[in-house]
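Biologist: I am new to this structure and would like to know what stands behind the terms used for it. Please take me through them one at a time.

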Amino acid sequence: MSEETKKTPQAEQPEAEPKTAEQAAPEAAPEQAAAPETNTETADSKKKDGFFNKKARELEAVKAKLDAAEKNANQAKDQLLRMAAEYENYRKRSTREADQKFNDGVSFAVNQIIPILDTLEMAANAPTTDENYKKGVTMTLDKAAKALDALHVEEIEVLGKPFDPNFMNAVQQIPAPDGQESGTVITVYQKGYKLGDKIVRHATVVVAE
């Protein structure tokens with residue numbers, strides 16, 4: 001055999017092929033090892049942010065409900081105060097009206113009785129020899145005075161007082177007697193009566209000039 005034949009052809013060394021992703025992965029592993037920690041921290045941070053945001057929204061919702069409840073409570077309070085004020089005004093007005101009606105009724109009744117009392121007054125002051133008769137008239141007048149007092153009807157004191165047209169009717173003027181000032185009531189023809197501030201009957205008087 002020739003020398004060329006004897007020489008064993010040496011296999012040519014293949015060129016290095018590029019590494020695949022799987023083969024390159026182990027080399028990149030050390031550099032990527034820290035990546036999971038960063039991702040974990042980011043996830044935790046997001047969880048915390050989400051938790052606080054949720055709590056903030058819940059607090060805002062609670063505050064809104066409290067504000068609405070406070071507003072409703074204030075409105076209800078104002079309404080109750082208005083109702084209480086209206087009721088108080090109604091109660092006072094009703095009381096005044098009832099008192100006025102009662103006083104009007106008493107005034108009417110007393111006006112019907114006063115002429116009888118006038119007659120009894122004249123009978124009591126008339127001269128008589130029958131003491132029992134005079135005593136009976138006087139006792140009747142005393143009972144009438146107590147009845148008027150129970151009804152809060154008062155006699156208007158006018159004798160010796162300055163003339164006041166709010167309480168008196170003057171039917172005559174005469175020269176002032178000694179010791180009497182002009183304009184003073186010197187004689188009472190009919191007694192006057194009042195019920196509180198309401199005049200039941202004006203007093204009929206004679207006034208000094």
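**Terms and the values behind them**

Modeller: In the lining of the second largest pocket, H4 has the largest share, with five residues. Keep in mind that this is a predicted model.

Biologist: Which other elements supply at least two residues of that lining?

Modeller: Besides H4, they are H3 and E1. Among the lining residues of the second largest pocket are Leu117, Leu148, Val153, Glu155 and Lys191. By class, this lining has seven nonpolar and five charged residues, and no polar ones. The space in the second largest pocket is about 180 Å³.

Biologist: What lines the largest pocket?

Modeller: Its lining consists of Asp118, Glu121, Met122, Asn125, Val188, Tyr189, Gln190 and Lys191. H3 and E3 are the elements that give two or more residues, and H3 gives the most, with four. The volume of the largest pocket is about 200 Å³.

Biologist: Why is serine 107 called buried?

Modeller: The relative accessible area of serine 107 is 5%, and buried means under 20%. Serine 107 is therefore buried. This residue lies in helix H3. Neighbours within four places in sequence aside, serine 107 is in contact with Leu195, Lys198 and Val200.

Biologist: What makes lysine 55 and glutamate 58 a salt bridge?

Modeller: Their closest N and O atoms are 3.6 Å apart, and the cut-off for a salt bridge is 4 Å. The two residues are three apart in helix H3, so about one helical turn separates them.

Biologist: Are lysine 55 and glutamate 58 buried or partly exposed?

Modeller: Lysine 55 has a relative accessible area of 37%, and glutamate 58 also has 37%. Partly exposed covers what lies between 20% and 50%. Lysine 55 is therefore partly exposed, and so is glutamate 58.

Biologist: What does the salt bridge of arginine 201 and aspartate 118 tie together?

Modeller: Arginine 201 lies in strand E5 and aspartate 118 in helix H3, so the pair ties together parts that are 83 residues apart in sequence. The N to O distance in this pair is 2.8 Å, against a cut-off of 4 Å. Both arginine 201 and aspartate 118 are buried.

Biologist: How do you know that glutamate 155 and lysine 191 form a salt bridge?

Modeller: The closest N and O atoms of glutamate 155 and lysine 191 are 3.6 Å apart, and the limit is 4 Å. This pair links distant parts of the chain, with glutamate 155 in strand E1 and lysine 191 in the loop between strand E3 and E4, 36 residues apart. Glutamate 155 has 35% relative accessibility and so counts as partly exposed; lysine 191, at 27%, counts as partly exposed too. Through shared partners, salt bridges join Glu121, Glu155 and Lys191 into one network. The whole structure has seven salt bridges.

Biologist: Which residues of the largest nonpolar core touch the most other members?

Modeller: They are Val110, Leu117, Val153 and Tyr193, in a core of 15 residues. Helix H3, helix H4 and strand E4 each give two or more residues to this core, and H3 gives the most, with seven. Leaving out residues up to four places away in sequence, valine 110 touches Leu148, Val153 and Val200. Another core, of seven residues, lies apart from the largest one and includes Val158, Ala203, Val205 and Val207.

Definitions and conventions: Residues numbered from 1 in each chain as written. Predicted model: local features only at pLDDT ≥ 70, side-chain atom pairs only at ≥ 80, totals over all residues. Heavy atoms only, no water. Core = buried A, V, L, I, M, F, W, Y, C linked by side-chain atoms within 4.5 Å. Buried < 20%, exposed > 50% of the residue type's maximum accessible area, 1.4 Å probe, protein only. Contact = heavy atoms within 4.5 Å. Salt bridge = Lys/Arg side-chain N within 4 Å of Asp/Glu carboxyl O. 1 Å grid on protein atoms, 1.4 Å probe; cavity = no way out; pocket = protein on both sides within 12 Å on 5 of 7 lines; lining within 4 Å. Points joined across faces, edges and corners; volume = space filled by probe spheres on them. Nonpolar A, V, L, I, M, F, W, Y, C, P; charged D, E, K, R; others polar.
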